[in-house]
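Let's look at how two protein chains can sit together. Take a moment to turn the model around before reading on.

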Number of protein chains: 2
Amino acid sequence: MDGFPQDFEIFELGDVTLQHGATLRGAKLAYKTYGELNADRTNAIVYPTWYSGRHWDNEWLIGEGMALDPGKYFIIVPNMLGNGLSSSPSNTPPPYDRARFPKVTFYDQVEQQHRLVTERFGIETLALVTGWSMGAGQTWQWAVSHPEMVQRACPFCGSSKTSEHNIVFLEGVKAALTADAAFRGGWYDDDAWPTTGLRAVGRVYAGWGLSQAFYWNQVYREMGYSSLEDFLVGLWEGFFLDRRDPNNLLTMLWTWQNGNIGNTPGFDGDHVKALRSIKAKVIALPAEKDLYFPPEDEEYAVSHVADGELRVIPGVWGHFAGGGANPTDTAYIDGVLKDLLAS
Amino acid sequence: MDGFPQDFEIFELGDVTLQHGATLRGAKLAYKTYGELNADRTNAIVYPTWYSGRHWDNEWLIGEGMALDPGKYFIIVPNMLGNGLSSSPSNTPPPYDRARFPKVTFYDQVEQQHRLVTERFGIETLALVTGWSMGAGQTWQWAVSHPEMVQRACPFCGSSKTSEHNIVFLEGVKAALTADAAFRGGWYDDDAWPTTGLRAVGRVYAGWGLSQAFYWNQVYREMGYSSLEDFLVGLWEGFFLDRRDPNNLLTMLWTWQNGNIGNTPGFDGDHVKALRSIKAKVIALPAEKDLYFPPEDEEYAVSHVADGELRVIPGVWGHFAGGGANPTDTAYIDGVLKDLLAS
């Protein structure tokens, strides 16, 4: 179930004690960089991955002439713990393997990324942190965990505290996956994955990932799918069957459900206090019809950020406006990042 | 798995040939009436049930001083085929029992209700047809199948053609239920229901049934639930575990997914042509934040109805604005029905 590209580096984290108490011994952070770090180390950008995404899934937003131009910036894409490349249920030796992989918070994710950035590269300032979805959650976390370091932040289609509705959406995903008896409490064999549950996850996710108007307009036809069912099987079931290890999915899902920058040490659970501590210039960038990260939530969040601004990606693509699937939304996001980097 | 109240009548339908070709022999329509039919038989209202609802689940909108006042009107609540009281997978003898129960369309539902209304009661005109959700689908179908008979129609939180997004939402529900191996293709034992799948259905449904803002405001606390998880277990899992036979759920789900008044004989699949044929005064009444029957869809539909009007139930309750769960929305719906009946 592996066979991933090997175009990345590993940063050896050693023994990492996580926020919830477990120690992940010999932990690894997989990452890839684009461009060159300049002499005074001021051109670095961190761009974390999203739920089940890998570094190569972020590359659509990187390119010559784009905001994230490797000719100008040193772009670091760290893979989230749990995504199958960094330490994850699927690649950790016993006893913390598979269903026993520990709980990882957004705070934990960013602490390890901070070590990569400072220890390996000697970077003390970040021109920008940005990311989609759970990448946006990590972006918010960076701005709270390291306020002196993050100059600018653009979380797109995400949140600084996972809303209760979002938690419920993810409960549906989790319940569909684990309803398959082949899941076996996470102790499935590598040659007997709970594929019925993974396909069910795809079908549950499909309604949430895009908007009502996306389906009304049958935009999936523009993507090359020949019918609604073809879209459900070809894209959604295919997505989750493509080496998405179920325990990895549940590890990342736990991180997502428990997202809250208020749980950063020193803030005692106070989400608003954490927002107020941010020093970065922040443009929060939700998508107009995102069904689980609605613009209202980010409007609330930026209202508590000293140098915070809200912009909204227009259109029918819902959450996947931020996934790089269509050129219009990509251009919009790129334009916002250019504005932000120019400020 | 039975033990339902027996406060209803049965209309013997005999052998019913359904739109998709099966003949359901000895079919039965369970119904209940409220109030008295007047001498000239002009005060009848039909108020069909919704997805997994039974006649008693409609009673919140019936009462003295309300629009549906049994002191003034003769209100007939027919139970949908598939709901467990009328002919359903759970109560039909072999060979059309359980997983082999035939496909039933909205057209089929209304044809049988029409027989009840005309053959049993000799009614030739209906003052009103109204219903929530799939009840709204039946309301639209009544207005198309029997345009000369339906004076007024108020479909609330529903549609005349199931949108593709709605179909996808239901695919998630179906996939979660059938991911449980105990479902056994519909041939589960009566003492071994796929309860894991039913609980998963509850969790998938929970995100859709209410709005993002409902959860943001923790409105479930006003309903007596002590936490988010208490709401998920206490209401949602409990709902689907409460004698909701899985095959019945899938029968009704098929009806819902295939909803389209354009498939009424004579319209050749043309949804708009069917809308244009409606003679009733129609108030379509979606809820502001309904996630699967968004107001835009009903706005489109009424634009093709000669005497059509759109009103929108305001607030955060999403689809369940129409479920009778809160007095504000109930008063709003009742007010609209009063306006409509006075016209």
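Here is a short report on the symmetry of the two chains and the surface between them.

## About the model

This is a predicted model, in which local features need pLDDT of at least 70, side-chain atom pairs count only at pLDDT 80 or more, and totals for chains, interfaces and linings use all residues. Residues are numbered from 1 along each chain as its sequence is written, chains are lettered from A and ligands numbered from 1 in the order in which they are written, and side-chain values use heavy atoms, leaving out hydrogens and water.

## How the copies are related

A turn of 180° and a shift of 0.0 Å along the axis lay chain A on chain B with an RMSD of 0.0 Å (a least-squares fit on C-alpha atoms of residues with pLDDT of at least 70 in both). That is the relation of a two-fold axis. Ala176(A) is the residue of chain A that comes closest to this rotation axis, with its C-alpha at 2.3 Å.

## Where they meet

In chain A, 34 residues are in contact (heavy atoms within 4.5 Å) with 33 residues of chain B. Of the interface residues of chain A, 97% are also interface residues in chain B, so the copies meet through the same surface.

Two salt bridges cross the interface of chain A and chain B (each a side-chain nitrogen of Lys or Arg within 4 Å of a carboxyl oxygen of Asp or Glu). Arg203(B) forms a salt bridge with Glu171(A), and their closest N and O atoms are 2.5 Å apart.
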